[in-house]
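Visitor: I would like to be walked through how the parts of this assembly meet. Could we take the interfaces one at a time?

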Amino acid sequence: MPAYSTNMRLKFPILALILEIITIALFGIFVVYDDGKGHDAHQDAHQDPHHGDHHATNSSETSPMDLYPMFQDVHVMIFIGFGFLMTFLKKYGFSSVGINLLLAAFGLQWGLLMQGLWHMDKGKIKMDILKMINADFSTATVLISFGAVLGKTSPVQLLIMTILEITIFSINEHLVVSILGANDVGASMIIHAFGAYFGLAVARVLYRPGLRNGHENDGSVYHSDMFAMIGTVFLWMFWPSFNSAIADRGATQLTAVINTYVSLAACVLSAYAVSSLVEHRGKLDMVHIQNATLAGGVAVGTCADMQIQPFGAMLIGLVAGIISTLGFKHLSPILASNLGIQDTCGVHNLHGMPGVLGGLAGIIAVAMGKAAKGSAAMQAAALASSLGFALIGGAITGLIMKLPIWGQPPDQNCFDDSLYWEVPEEEGEHDGSLAAAEKNKTEA
Amino acid sequence: MPAYSTNMRLKFPILALILEIITIALFGIFVVYDDGKGHDAHQDAHQDPHHGDHHATNSSETSPMDLYPMFQDVHVMIFIGFGFLMTFLKKYGFSSVGINLLLAAFGLQWGLLMQGLWHMDKGKIKMDILKMINADFSTATVLISFGAVLGKTSPVQLLIMTILEITIFSINEHLVVSILGANDVGASMIIHAFGAYFGLAVARVLYRPGLRNGHENDGSVYHSDMFAMIGTVFLWMFWPSFNSAIADRGATQLTAVINTYVSLAACVLSAYAVSSLVEHRGKLDMVHIQNATLAGGVAVGTCADMQIQPFGAMLIGLVAGIISTLGFKHLSPILASNLGIQDTCGVHNLHGMPGVLGGLAGIIAVAMGKAAKGSAAMQAAALASSLGFALIGGAITGLIMKLPIWGQPPDQNCFDDSLYWEVPEEEGEHDGSLAAAEKNKTEA
Amino acid sequence: MPAYSTNMRLKFPILALILEIITIALFGIFVVYDDGKGHDAHQDAHQDPHHGDHHATNSSETSPMDLYPMFQDVHVMIFIGFGFLMTFLKKYGFSSVGINLLLAAFGLQWGLLMQGLWHMDKGKIKMDILKMINADFSTATVLISFGAVLGKTSPVQLLIMTILEITIFSINEHLVVSILGANDVGASMIIHAFGAYFGLAVARVLYRPGLRNGHENDGSVYHSDMFAMIGTVFLWMFWPSFNSAIADRGATQLTAVINTYVSLAACVLSAYAVSSLVEHRGKLDMVHIQNATLAGGVAVGTCADMQIQPFGAMLIGLVAGIISTLGFKHLSPILASNLGIQDTCGVHNLHGMPGVLGGLAGIIAVAMGKAAKGSAAMQAAALASSLGFALIGGAITGLIMKLPIWGQPPDQNCFDDSLYWEVPEEEGEHDGSLAAAEKNKTEA
């Protein structure tokens, strides 16, 4: 397919370079270092527009690097966690970790601009560690959606998705956090549910009838499952940082850490139990273990900094592990066959349903008076807003991604690195060239 | 073997769910967030019941999140370090990293309860980062013992072991730290020696004559050795955090970091040298490199916060690397053939002997006046107590684990993920089904 | 080749043990824990002999463990980052990560002594976290040079190189930082350019005509490329820590983090774009992605703590990604064929040219008044000094390494673990014995 390759040969590098040059220009105009003036006020404003109750934070102790270890934990989740989690496919490891790096590296720049627009100080975005954490967060939405369309989209399509999704995310985030004043410290709604349903909407629009009966490369091999576990375990370990990074310092941040830690621990037990219950001969399924063990981190996000007590967080984790595993086993096949939603990584089970669960738990917890601020109605509005922006934004984005100019890969080359990467030849298995693939086909 | 599978099909998930529900109920009754009141006093009490000499710590500066980066380092050791270190077996990677996650996730909840019982405040366990670090520590004992029986036990057996071992560990820890007032900041005795001899006692009780001549799956392949190195290197890097996490803040914590850092560095050189000396043609053996390079971290544990000076720590590391490597080469085969102790990962060489070495070094260092508190006699009592609880506790636990109801795997399915996991089919190598295995056997 | 093996059998372990024992003795004589007295003054002196302008750092807030999270990030880069980055070769993974561990573990001890000699306090080297970071830094030079000669040198040769390179590095570092007073907070010149040109000089001296037409093992397989990505991503994520670890605390350190973060992000886009532009059919090349995405971290090093603004840092990263990728594609083959420089990992493209670019950017930035201190002339002198020490030091070191007594591997055994490691037999692929290799050769 030389036409296709010629297309890509020019489109991808030119798009990447133009995007980067535009981004640098925008950084030149808008972005400066934070000089520490008006720092605390700004920071609080980001999390909470009504920052009257923040005098407890003794601002004399804060230094600009305080959040840096938290930032690095989140950074590891974005680049190692999401990157390796998606390497489970047998022939798509280069793309999983490589395109993850590409999208996240571009996304964090774009996210910094999009999020910063809402918090300008005299026309400038003042960059600090908190903004870097939030920029990393904004890329998480894209990486979640990437999971839904993994193996079926070109790098050019994915760069388009990155721009659009982060832009839409930033609008919804501003609405939820600053206008509605809703609680979502661990972002069950604004990142996880948003990213999942956005990706599912894209996947629906990009539905491929040709993959209705599966694809020989849409599966794992032993070592690819091992690589994926690197992603799983790093996500699992650092999720307490994800859910607490932008929490109010001190006791509140500790609460967010504890809730996430115990929710994840409880979730592991329920994910393993249900995986064994639903599988053939009581065996465990790597797909469940790689994903559903993390659902507790997603689901406890909205409530992470609330006084739900450790056992409350554990109950959330327990339920999340159950519904996530059941979703992989029973719901994903239905979504694929009946609704035309081919969700490669099962993000609906890891981020979608647990994210909605987190949003619902947040409504209940706020109604029960467990939060320092907010109202159940605003929490419900935040959940509805996140789902609405995700589904409509994702559908529009999917339509744009479907334009034939972006070089969508043909069905038979899905889930295969060799379309976009030079793949080393080995034992005739990863032959790495379309020519060889064609040849095999002819001979077969 | 359908009978076996049916057994497991119900036993494992039911046990896991029941344990988790009981644990959540206990958390509901006993565990609350730490509100910061009486925090410092409590913390010191945990390490040192005679906390008269702690006024140097300027408590005004401590915040509830101070220890969080240390906690995360320890967390990485537990879940990535131990998990991947055990992935060296060619067909047991899913179980190594997956069951490691399961046991640690359950163990940290159980450990939090068991350790917390000794430090209740008005009937409540007040959860903070220090308690989370100690909970992670308690799971380390189980993961060490898991190494001794790796490949030869069912998940149900291992959950039973987790409950019993952490319970016994918590008793011994309380005795050593609070009653005897012994020094063991890096836990050479109470974690490493304890976990190793506990596991060896279990392995002895579960002795399998059928594996006397080895097992075809009890070995590594090239890539499984590479995965194991991920575990080794993360353990190696973060060991200074392990040994200093609960040390007194400030200069003492720095001392623990420095001693561990230089001990590990010296240990690498001696492990490489001795590996090359004892191997065929002077080659290096991956088993030694994966394990013995860490012995310096184990052995310096008890003395880590003492004024032994960097060169003293290096001498401990040098000796640890030597005895650990020699143990792998010469002692493990004897233990297996003469004493009936089949120690899959060689935990005796990595945790057992170096742990005892650490205990002995602690006795000497305290006798030489290098410690701020304690006596040589109490150090010796602590070592004896740890070994005694480990051997007796491990033997009893082994007997319980040997009950036929827990579904111990048959000899021919040892060291094979496919008994408990859906394993992807690939190149006829990881066939992933007992049926296929049977078929092969028939044809062969 | 029994003679060779007998050589190694004794030389390597004896050398390793003797070196370690000498090192321990030197630690016994010179190294003590830092007692905190004169701490801040000393620390500033290390970075800046004219420390009159450091009163802004409120020393009352510093504690001895403040830099520990930064240290651990750097530690991960050294041991996981460099170690796994080099595992891309199909049959050299054990050596890459294993010898990396060996050299770094010895190098950090030697570096602590060599660097400490210039900063003694009453005849003692007072060890603290900052010195541990600098010791880790000193090993980075060796690991960079190791990349140039990867697969073609024996462990004994590499230990010799470690001693000599760190010694020479420490002299140049002292000259650049303390005598010239040049800026190089992220060490573009004194680590990256130095390590690369040192290694290239060694590689030139050790030129192997027999490898002129390549070597069958000098390439990757699918999974070895995946392992290498672990190294890449950890290096990428933690590079902000590398470039800011020894920066002045507070706002300056934040500046170094931000500049590195955005430079790396921009670099990813340009590396991907150019990789696709120059490759066959617009495909991406793993070698570029594994390496050139990091060039932005190297190149922004010298300017990292200067007021170059985020967009300035991004421009540096953009250019670094371009020249690094072009170097891999077009310059490396020329160096190999025309200059006799066989650079296994392409360190010239990742560390050499981007390091020089960083040095040049530093000269310009200082001339533009972006730095708090220093002069363009001193920056230029620092760059010249670093290159001079590297090339001359590397050439001399190469000559010493070429002495036949160190057991250089024969051409046909290059890039093959089985010369130095017991390699598990599997599918006749990694046969792990010279005998089998000989047999194959005979049969072929």
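Visitor: How much area is buried between chain B and chain A?
Guide: This is a predicted model, and every value given here is computed from it. The size of an interface is often given as the accessible area lost when the parts come together. Carbon and sulfur atoms give 75% of the area buried between chain B and chain A, and the whole of that area is about 5,500 Å².

Visitor: How many residue pairs are in polar contact between chain B and chain A?
Guide: On the side of residues in contact, 68 residues of chain B meet 59 residues of chain A. The count of salt bridges between these two chains is zero. Polar contacts are nevertheless found between chain B and chain A, and with both residues required to be at pLDDT 80 or more, the number of pairs is 15.

Visitor: Which element gives the largest share of the side of chain B that touches chain A?
Guide: Several elements of chain B give two or more residues to this side, among them helix 1 (2-30), helix 4 (93-116), helix 8 (222-244) and strand 4 (421-422). The largest share is 12 residues, and the element of chain B that provides it is helix 4.

Visitor: How many residues of the side of chain B that touches chain A are nonpolar?
Guide: Sorted by class, this side of chain B has 11 charged and 16 polar residues, and the number of nonpolar residues is 41. Carbon and sulfur atoms, for their part, give 75% of the area buried between chain B and chain A.

Visitor: Which residue of chain B stands opposite D285(A)?
Guide: Strand 3 of chain A, residues 284-285, is joined by two bridges to strand 4 of chain B, and the two strands run parallel. Within strand 4 of chain B, the residue opposite D285(A) is E422(B).

Visitor: Turning to chain A and chain C, how many salt bridges does the rule find across their interface?
Guide: Here 69 residues of chain A are in contact with 59 residues of chain C, and the two chains bury about 5,500 Å² between them. There are 15 residue pairs in polar contact between chain A and chain C, both residues being at pLDDT 80 or more. For salt bridges across this interface, the number found is zero.

Visitor: What is the bridge partner of W421(A) in strand 3 of chain C?
Guide: Strand 4 of chain A and strand 3 of chain C, residues 284-285, run parallel and are joined by two bridges. In strand 3 of chain C, the partner of W421(A) is L284(C).

Technical notes: Residues are numbered from 1 along each chain as its sequence is written. Chains are lettered from A and ligands numbered from 1 in the order in which they are written. This is a predicted model: local features need pLDDT of at least 70, side-chain atom pairs count only at pLDDT 80 or more; totals for chains, interfaces and linings use all residues. Side-chain values use heavy atoms; hydrogens and water are left out. Contact means heavy atoms within 4.5 Å. Buried area is the accessible area (1.4 Å probe) that two parts lose on being put together, summed over both. A salt bridge is a side-chain nitrogen of Lys or Arg within 4 Å of a carboxyl oxygen of Asp or Glu. A polar contact is a pair of N or O atoms within 3.5 Å; within protein, one must be able to donate a hydrogen and the other to accept it, and residues adjacent in sequence count only if both atoms are side-chain atoms. Two strands pair if DSSP finds at least two bridges between them. Helices (H or I, at least four residues) and strands (E, at least two) are DSSP runs, numbered from the N terminus. Ala, Val, Leu, Ile, Met, Phe, Trp, Tyr, Cys and Pro count as nonpolar, Asp, Glu, Lys and Arg as charged, and the others, Gly among them, as polar.
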